[in-house]
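Reader: I am new to this structure and would like a close look at a single part of it, taken slowly. Please choose one part, and tell me how its side chains are placed and what they meet.

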Amino acid sequence: MKRIAVVMVMLISIGMTAQRNDGQRMRKGLNMDMSVEEMATLQTKRMTLALDLTEAQQDKIYDIQLENAKFRKEKWDEIKALKDSGEWKRPTSEERYEMENARLDRQIAMQEKMRNILDENQYETWKKFSNSRKSKHHGKKKMQERGRRG
């Protein structure tokens with residue numbers, strides 16, 4: 001009887017440690033351990049391969065990607081510092097609205113910059129590429145549309 005009790009206690013303790021939750025964790029962003037220059041370089045090279053960019057286009061796009069990477073890294077560090085200090089709280093609906101509005105404004109500005117840099121075929125390819133990336137992040141919604149539980 002004692003052996004069964006010991007085995008049960010061991011199984012329960014193993015199960016509890018396997019299910020342990022250390023609280024909210026911040027999802028690691030794409031390449032956030034890289035420098036902003038490295039992120040901008042990689043993104044520019046990816047776009048060069050996808051769109052067959054000229055040297056002048058690569059230089060202009062690198063500047064845009066560097067600006068975007070600096071913004072993302074700054075926001076990432078700001079939120080990480082707040083979470084580490086314990087001062088982070090969920091944004092209110094007004095704050096979410098403002099953040100979404102600012103994000104859309106940045107996307108519109110990015111679209112205008114890309115339209116000025118790329119030729120017509122490159123721009124269409126870039127639009128398809130950027131829209132397909134955005135749709136990947138909505139997998140739960142797509143699964144629900146197909147009738148699966150998400």
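Author: A good place to begin is R103, which has a relative accessibility of 33% and therefore counts as partly exposed, since that class lies between the 20% limit for buried and the 50% limit for exposed. The model is a predicted one, and the values that follow are to be read with that in mind. The side chain of R103 meets the side chain of E100 in a salt bridge, with 2.4 Å from N to O. E100 is partly exposed as well, at a relative accessible area of 36%. R103 and E100 both belong to helix α4, and because they are 3 residues apart there, about one helical turn separates them. In an α-helix a turn takes 3.6 residues, so residues three or four places apart point the same way.

Further along the chain, helix α4 holds another such pair, E112 and R115, which are likewise 3 residues apart and so separated by about one helical turn. Their side chains form a salt bridge at 3.1 Å, again from N to O. As for their surroundings, E112 has a relative accessibility of 38% and counts as partly exposed, and R115, at 39%, falls into that class too.

The remaining pair to consider reaches beyond this helix. K113, which lies in helix α4 (residues 93–117), is paired with E67, which lies in helix α3 (residues 55–85), and their side chains meet in a salt bridge of 3.3 Å, N to O. The two residues are 46 places apart, and the pair thus links distant parts of the chain. K113 is partly exposed, with a relative accessible area of 30%, while its partner E67, at 46%, is also partly exposed.

Taken together, a search of the whole structure finds 3 salt bridges. Within helix α4, R103 pairs with E100 about one helical turn away, and E112 pairs with R115 over a separation of about one turn. The salt bridge of K113, by contrast, is made with E67 of helix α3. If you follow helix α4 in the structure, you can therefore look for R103 with E100 and for E112 with R115 along the helix itself, and then turn to K113 to find the link across to helix α3.

Methods. Residues numbered from 1 in each chain as written. Predicted model: local features only at pLDDT ≥ 70, side-chain atom pairs only at ≥ 80, totals over all residues. Heavy atoms only, no water. Salt bridge = Lys/Arg side-chain N within 4 Å of Asp/Glu carboxyl O. Helix = DSSP H or I, 4+ residues; strand = E, 2+ residues; numbered from the N terminus. Buried < 20%, exposed > 50% of the residue type's maximum accessible area, 1.4 Å probe, protein only.
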